[in-house]
Structure formats: structure tokens, C-alpha cells
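User: Please take a close look at one helix in this model and describe how it sits in its surroundings. I would like the reasoning spelled out.

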Amino acid sequence: GDSAARRGSRSAYWLKRPRNDTGNKVTVVLGAQWGDEGKGKVVDLLATQSDLVCRCQGGNNAGHTVVVEGTEYDFHLLPSGIINPKSICVIGNGVVIHLPGLFEEAEKNEKKGLKGWEKRLIVSDRAHLVFDFHQVVDGIQETQRQATEGKIIGTTKKGIGPTYTSKASRIGLRVCDLLGDFKEFSTKFKNLVAQYQSMYSSLTVDTDTQLKKLKEYGERLRPMVRDGVYYMYEALHGPPKKILVEGANAALLDIDFGTYPFVTSSNCTVGGACTGLGIPPLNIGEVYGVSKAYTTRVGIGAFPTEQLNATGELLQTRGHEVGVTTGRKRRCGWLDLVILRYAHMINGFTAIALTKLDILDVLDEIKVGVAYKINGKRIPHFPANMELLHKVEVEYETFPGWKSDTSAARKWNDLPQKAQNYIRFVENHIGVPIKWVGVGKSRECMIQMF
């Protein structure tokens with residue numbers, strides 16, 4: 001039968017299409033440092049007005065904590081917009097999904113009061129699956145790195161890297177495989193296991209038990225699965241909608257632009273939103289970068305402004321800098337504007353959220369890294385080479401501390417003059433307006449500037 005839509009388009013095919021009909025724009029929230037910047041809070045703030053909240057890359061290696069009415073929710077794979085009963089959440093094709101992890105996370109949050117998530121979650125049929133053996137392999141690889149190089153990457157051991165490896169090697173399995181002919185899926189799964197066992201002799205997998213579980217998970221997942229490309233296209237070109245993309249990880253953990261090899265295995269810069277959801281660059285609207293008022297890093301790798309002293313310890317304890325996903329203590333240091341400018345070059349931030357300003361309240365003086373020097377000479381860019389990055393000397397700008405409590409501030413004028421000066425300096429140096437300043441944990445602690 002000839003659908004009305006096709007008839008309609010055929011009758012008017014000679015009319016030139018208006019070029020401004022680009023559809024809805026999506027807002028992207030991205031980490032601008034090494035992760036843990038408080039993206040969850042910004043997303044949460046925006047998700048309350050969003051119709052659609054999407055994840056486009058990473059897996060349950062992300063960790064977002066969101067506090068709503070005194071309850072702390074922890075999200076790893078679910079978009080944190082799932083708390084908003086009016087939002088639909090999308091897990092895009094670029095995300096890697098550990099099904100046991102997904103359902104376990106949902107159940108944990110259900111106990112805390114999350115309701116109706118299964119009706120509001122959409123999963124792309126093109127997303128790759130993380131299997132338990134990927135997680136085991138992740139651990140084995142870290143042990144091998146320790147043995148051969150004496151250093152690890154510091155992965156979360158959630159199987160993310162090995163799954164993206166399977167994907168790039170064209171041996172991975174996707175949601176659409178699991179929901180297709182199960183006999184076919186079982187054969188492919190056994191082949192995948194055999195391939196990994198030939199590489200890792202210590203790997204044991206109970207394939208029958210795994211397949212039985214996967215079949216059950218597949219049936220639970222089935223009602224949520226859609227063709228992600230069509231779904232996003234309809235969302236962009238249907239009635240006006242507020243669409244939010246929640247980045248996981250951060251610019252300096254990006255597989256291409258981060259401090260390689262101490263990075264994650266996906267693109268956590270703005271391009272990942274297009275490839276990880278199947279949406280054109282034309283539909284990207286606001287791009288918000290999230291940065292702390294200082295810098296932290298988990299795991300190992302270069303960190304030019306790191307303070308291995310009382311200041312670093314103060315930031316760590318005052319800021320409760322412990323990883324949500326791993327429970328590891330985070331390394332702390334001064335704000336580094338070299339990395340923020342670099343993140344802006346890649347992402348084109350339209351505005352920035354500066355979080356955890358209140359952690360600096362007790363300091364006598366506050367430093368900000370403004371340039372890197374090698375042999376006393378400023379270098380004009382952020383070095384790709386890690387040996388070089390380890391050698392840089394940071395040039396700092398020093399500010400007097402404001403020495404007063406900012407946690408009760410709710411608008412710009414509530415902030416002390418010296419804190420305002422600090423914020424304005426950061427803004428001018430990066431060349432991007434600061435739209436929010438965070439001074440505490442809950443939703444109301446985000447001061448909106450414009």
C-alpha cells in the first residue's frame with residue numbers, strides 16, 4: 001500500500017525543501033578534565049526540563065551521583081535523567097552494555113525509590129554487549145601490564161576496553177544479535193569465548209550458564225530495544241523536544257585526544273555524541289563543558305598541576321575526592337587552564353559549569369595553571385607525547401583566597417569579590433562564559449549566571 005507520507009512527498013517533490021528545517025537541537029554535557037567534574041549535577045539540572053536524555057559512549061565505567069530530596073542515587077550505565085519521571089532515556093549505539101550490570105543498577109536504585117524505569121528506557125539495537133569474560137580479561141590485562149611494564153592503566157575492570165577491542169576487531173556481539181536467532185547467537189558467543197581463551201590461557205568460561213542467563217536478560221531487554229537511528233531521527237524531526245546528551249568520562253580521557261595510553265576506550269569529546277547516537281553535527285546545539293574549580297585525576301598518568309603536598313591533601317579530604325565507580329582516592333591539584341583551553345578547542349564549548357568552588361573556601365592563596373614551559377620556554381600547545389607532558393613546568397597565576405564560606409551562595413552577588421575575580425579570570429582565559437558555579441552537593445547549590 002502507498003502510505004500517505006509517501007504520497008505527500010511525491011506530490012510535492014519539485015518544491016525546494018526549506019534549508020532551515022534542521023529539526024531539534026541537542027544539548028551536550030561533557031567533562032572538560034579527567035572526569036569526576038560533577039557532570040551528573042549539570043545533567044540532573046537540565047534533565048528536569050528534558051524530554052529525552054541520552055548516553056552515547058562508555059559503559060558502566062562511568063559513575064554519576066545525583067542527590068534528589070536527600071536521597072543519593074548512583075548511576076553507571078543508566079542515563080541519570082532516569083530519575084525524572086517525565087524523561088525518556090536512551091542508551092545509544094556507541095555505549096557498551098553489561099546486561100547484569102544494567103539490571104543490578106536498576107534494582108539498587110529501585111530500592112531507593114526509582115520508579116517505572118523499564119517503561120522509560122530505550123536501548124539501541126546496535127550497541128555492543130559486555131560479557132562477564134570481558135571483565136575477567138580486563139583484570140588479566142591489568143595484571144599483565146603490571147608484570148611487563150610495572151604500570152597499569154588503572155581501568156575500572158568493568159570490561160569496557162576489551163569490549164571496544166572486540167568491536168574494533170569485528171568479533172563483538174550486539175544487542176540485535178542477542179535478540180535475533182538465539183542458536184546463531186550461541187554459536188557466535190562460543191566462538192568469541194574460544195578466541196579469548198586462545199589469547200588468555202587462564203580464562204575459564206561456563207558458556208552454558210552464561211548463555212542461559214543471557215537469554216533471560218535478552219527477554220527482559222526486548223521491550224526496550226529500538227532501532228536507535230530511526231528513533232533519534234524521529235525525535236529530532238518530530239514536535240519540538242528538549243534533548244540532552246550526557247557525556248561520560250572526559251576530554252583528557254578521550255581515546256584520541258586524552259593523555260594516551262592512560263585514557264578510556266571511546267571518544268568522550270563532542271564527536272562521540274554524533275557517532276554514538278547516529279545524529280548529524282547540524283543537530284548539536286549547546287555544548288556545556290564541566291570543570292571543577294581545581295583538578296583531579298584517578299589512576300595513573302601525567303598530571304602537571306598535581307599537588308603532592310598539604311594543599312593536595314586538603315583538596316582531597318575537603319572535596320571527598322574518592323571515585324564513585326572504584327572507591328579510589330583521587331589525585332588533586334590546582335586548576336589547569338591549559339587543559340581547559342585544549343578541551344575547548346576540541347569541543348567548542350558554548351558555556352562552562354565550574355563546580356566545587358566551595359572546596360577552595362579555606363585557602364589563603366589559590367593558584368591557576370596558565371601555561372606549560374619546557375626548558376624555561378612556553379610551549380604553545382598541549383603535548384601529545386607523555387614523556388614531554390611529564391617534563392613540563394607549569395606557570396601559575398596566584399590569587400588571594402576569599403577565606404569565607406560560599407556554600408550558602410545562591411546568586412552571583414552572594415559570592416565574595418575575590419571568588420568573583422577568580423571566576424572571571426577563568427572565564428576570560430578560556431574565552432567561554434561560565435553559566436553555572438557549583439558550591440555544594442544538592443541541586444540548589446548550582447548558581448546560574450545567565
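The part I have in mind is helix 8, residues 207-221. Which of its residues are buried, which are exposed, and what do the buried ones pack against?

Analyst: The model is predicted, and what follows goes from the helix itself to the core around it.

Helix 8 has 15 residues, and at 1.5 Å a residue these should span 21 Å. Its end C-alpha atoms lie 20 Å apart, which agrees with that expectation.

The buried residues of helix 8 are Thr207, Gln210, Leu211, Leu214, Tyr217, Gly218 and Leu221. Viewed down the helix axis, the buried residues are held within an arc of 125°, so they line one face of helix 8. The spacing has a general background: an α-helix has 3.6 residues a turn, so residues three or four places apart point the same way. On the other side of helix 8, Asp208 and Lys212 are exposed.

The partners of the buried residues come from several elements. Helix 3 (99-111), helix 4 (132-149), helix 6 (175-178) and helix 7 pack against them, as do strand 7 (121-124) and strand 9 (225-226).

Leucine 99, in helix 3, shows the packing from the partner's side. Apart from neighbours within four places in sequence, leucine 99 is in contact with Leu214, Tyr217 and Leu221, and also with Leu129, Val130 and Leu178. Leu214, Tyr217 and Leu221 are among the buried residues of helix 8.

Leucine 99 also stands out in the largest nonpolar core, which has 59 residues: Leu99, Ile97 and Phe185 touch the most other members. Helix 7 (residues 182-199) gives the most to this core, with six residues. A second, separate core has 57 residues, including Leu236, Cys274, Leu360 and Ile423. As a general point, nonpolar side chains tend to be buried together in soluble globular proteins.

Helix 6, another partner of helix 8, covers residues 175-178. Cysteine 176 is partly exposed, with a relative accessible area of 28%. What is the distance from its sulfur to the closest cysteine sulfur? That sulfur is in cysteine 56, 19 Å away, which is too far for a bond. A search of the whole structure finds zero disulfides.

In short, helix 8 has its buried residues along one face, packed against helices and strands, with Asp208 and Lys212 exposed on the other side.

Terms used: Residues numbered from 1 in each chain as written. Predicted model: local features only at pLDDT ≥ 70, side-chain atom pairs only at ≥ 80, totals over all residues. Heavy atoms only, no water. Disulfide = S-S within 2.5 Å. Buried < 20%, exposed > 50% of the residue type's maximum accessible area, 1.4 Å probe, protein only. Core = buried A, V, L, I, M, F, W, Y, C linked by side-chain atoms within 4.5 Å. Helix = DSSP H or I, 4+ residues; strand = E, 2+ residues; numbered from the N terminus. Contact = heavy atoms within 4.5 Å. Expected span 1.5 Å × (residues − 1). Arc of directions from axis to C-beta.
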